[in-house]
Amino acid sequence: MKIGIIGAGYVGLTTGICLAAKKHEITIFDINEEKVNHVHSGKLPFFEKGLQELLNTTITKNNLHSTNDLDILIQNTDGCFVCVGTPTKNHTIDLSQIKSAIDALASAIKNNDKENYVIIVRSTVTPSTTRKILLPILEDKLNQNFHLCMVPEFLREGNALDDFMNPDKIVIGSIDKYGINFVEEIFIDFKGNCEFIHTNLESAELIKYANNSFFSMLISFSNEIANISEKIPNVDPYQVLKALVSDKRITSQINGQSIVPGLDSYLVPGCGFGGSCFPKDVKAILNFAQSQKVSTPLLNAVLQINDERPDKMIKLCESILGSLKNKKITILGLTFKPDTDDLRSSPSIDAIKLFLEKGAQVSAYDPVIKNISNSILLPKECTYNLKIEESLENSDAVLVFTKWSEFKSLNFELLNKFMKKPLIIDGRGFLDKEKFPDGTYYKIGFMKE
Ligand code: NAD
């Protein structure tokens, strides 16, 4: 099939590259010329595990084209996914990118006399946005000669390729049968391996928010259990939550084999969730609920607990080192999770700011963040090192914020060689405690002796 992608970001490019690998003919459009040129020359404009390799193949096979001319996309395709950003602005969802993308799309469909074009909203938008805001923009220019669907994306950055290729469900919200058939045909290869859920536009929109709110809630729940654990001698909150997951209402048994559910990876205490989805989507649905006069004490708490996590890490550090003024602090891991270079709403960035406010000197190292000059998210007062050893040099404390596999090899000898005095705080609870003598390794959620 000939399919267009509007927005060459994490979702747009993953969608485009994966569908091209499934033998569809893909044309990608973005208003950012630099990104289009990147894709054109076969280079991914961001890091996502395995995606560059797949891009190389699809480009070579001539299945994937990029353009900064929307007319070309329309002429070459019968329908397109709209994958532009829907960030948060003043605590609410900012629809400016999607409104302008839909408006430009409507004009291009009209100018090219394209009949029966299918517009598939892939961006995450609050309930009723597709019908009440986007549909009128299209109707204004096109009368009824188009089809509109809302097909949310559930991929996780860091695992985007595998998630896209092995989805649990494909949710198809549509205003008509033509749209449903078109989307089903795109995903025909996935039929049999995952559930196709047909809904209206509004339910499709809310399913996405329910998903992200649920997983955010599990993380905040785990952190609340950790907060309680910290007040009880000898309690290990990681063990407590692991035991919870083994409950047969959560972990199913098939032929005597325990099927560990993916949600065990969310039932882990730590420095909190970040990224481009969980924080912004929980905020957006909270704001939407408020606008409908619905009270949301549970979701309020999910955000509040999460907002406090970076500060918890700093307080633990302070309780060991005393005043942080002029102390040298090393932050390991800048991205919100491993195997991506996405820095949006990363807890480590909040922590860097808090340490700087306390008068600490902060240095940071991340395996994939090498060029910080064009990042507006990273505080300039922090030093960013290209080697872990440089970052550790003369440090009073090391705090691990991202579960990068490279950090698994951290040990006492390395810390002892470079730091003033070894002290490591594991914000993801994944390092091997046995590698560090007593009094040098701390996890949050444990009572401090
Ligand atoms: P992104 O910021 O990485 O990419 C958005 C792209 O859209 C950018 O390249 C931008 O230049 C482009 N763009 C903006 N306005 C445009 C326009 N008018 N025409 C063409 N291109 C335009 O965003 P993302 O992380 O890929 O997220 C896209 C959407 O998918 C969001 O709604 C997000 O909530 C949702 N989503 C994201 C993820 C994720 O893990 N990143 C997962 C599921 C859903």
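**A guided tour from the E11–E12 loop to helix H8**

Begin by selecting Asn-255, which sits in the loop between strand E11 (252-254) and strand E12 (257-259). The model on screen is a predicted one. A backbone torsion display will show a positive phi for Asn-255, near 50°, although the residue is something other than glycine. With the surface switched on, Asn-255 counts as exposed, because its relative accessibility is 77% and the threshold for that term is over 50%.

Next, select Asn-234, in the loop between H9 and H10. Here too phi is positive in a residue that is not a glycine, with a value of about 75°. Asn-234 is exposed, at a relative accessible area of 78%.

From this loop, extend the selection to the helices on either side. Helix H9 covers residues 201-229 and helix H10 residues 237-245; their axes come within 9 Å and cross at roughly 135°. That angle makes H9 oblique to H10. The crossing of H9 past H10 is right-handed. To view the contact itself, display Phe-221, Ser-222, Ile-225, Ala-226 and Ser-229 of H9, which meet Pro-237, Val-240, Leu-241 and Leu-244 of H10.

Now turn to the sheet. In what order do the eight strands of the open sheet lie? Colouring them individually gives E3-E2-E1-E4-E7-E8-E9-E10, with mixed pairing. At the edges stand E3 (64-67) and E10 (195-199); each has a single partner strand, so one side of each is left without a neighbour in the sheet. From one strand to the next, the twist averages 25°.

Within the sheet, isolate E1 (residues 2-6) and E4 (residues 79-82): the two strands run parallel and are joined by four bridges. For one pairing to inspect, select Gly-4, whose bridge partner in E4 is Cys-80.

Then add helix H1 (residues 10-21), which lies across E1, E2 (25-29), E3 and E4. Relative to E2, helix H1 runs at about 160°.

The final stop is helix H8 (residues 177-186). Which residue caps the N-terminal end of H8? Select Asp-176: one of its side-chain oxygens lies 3.4 Å from the backbone nitrogen of Tyr-178. Along the helix, display Gly-179, Ile-180, Phe-182, Val-183, Glu-184 and Ile-186, which are buried. When following such positions, recall that an α-helix has 3.6 residues a turn, so residues three or four places apart point the same way.

Note on methods
Residues numbered from 1 in each chain as written. Predicted model: local features only at pLDDT ≥ 70, side-chain atom pairs only at ≥ 80, totals over all residues. Heavy atoms only, no water. Buried < 20%, exposed > 50% of the residue type's maximum accessible area, 1.4 Å probe, protein only. Polar contact = N/O pair within 3.5 Å; in protein donor to acceptor, adjacent residues only side chain to side chain. Pairing = 2+ DSSP bridges. Axes fitted to C-alpha atoms, helices over the stretch in contact; angles between N-to-C directions. Contact = heavy atoms within 4.5 Å. Parallel < 35°, antiparallel > 145°, perpendicular 65-115°, else oblique. Left-handed = near helix turned anticlockwise from the far one by under 90°.
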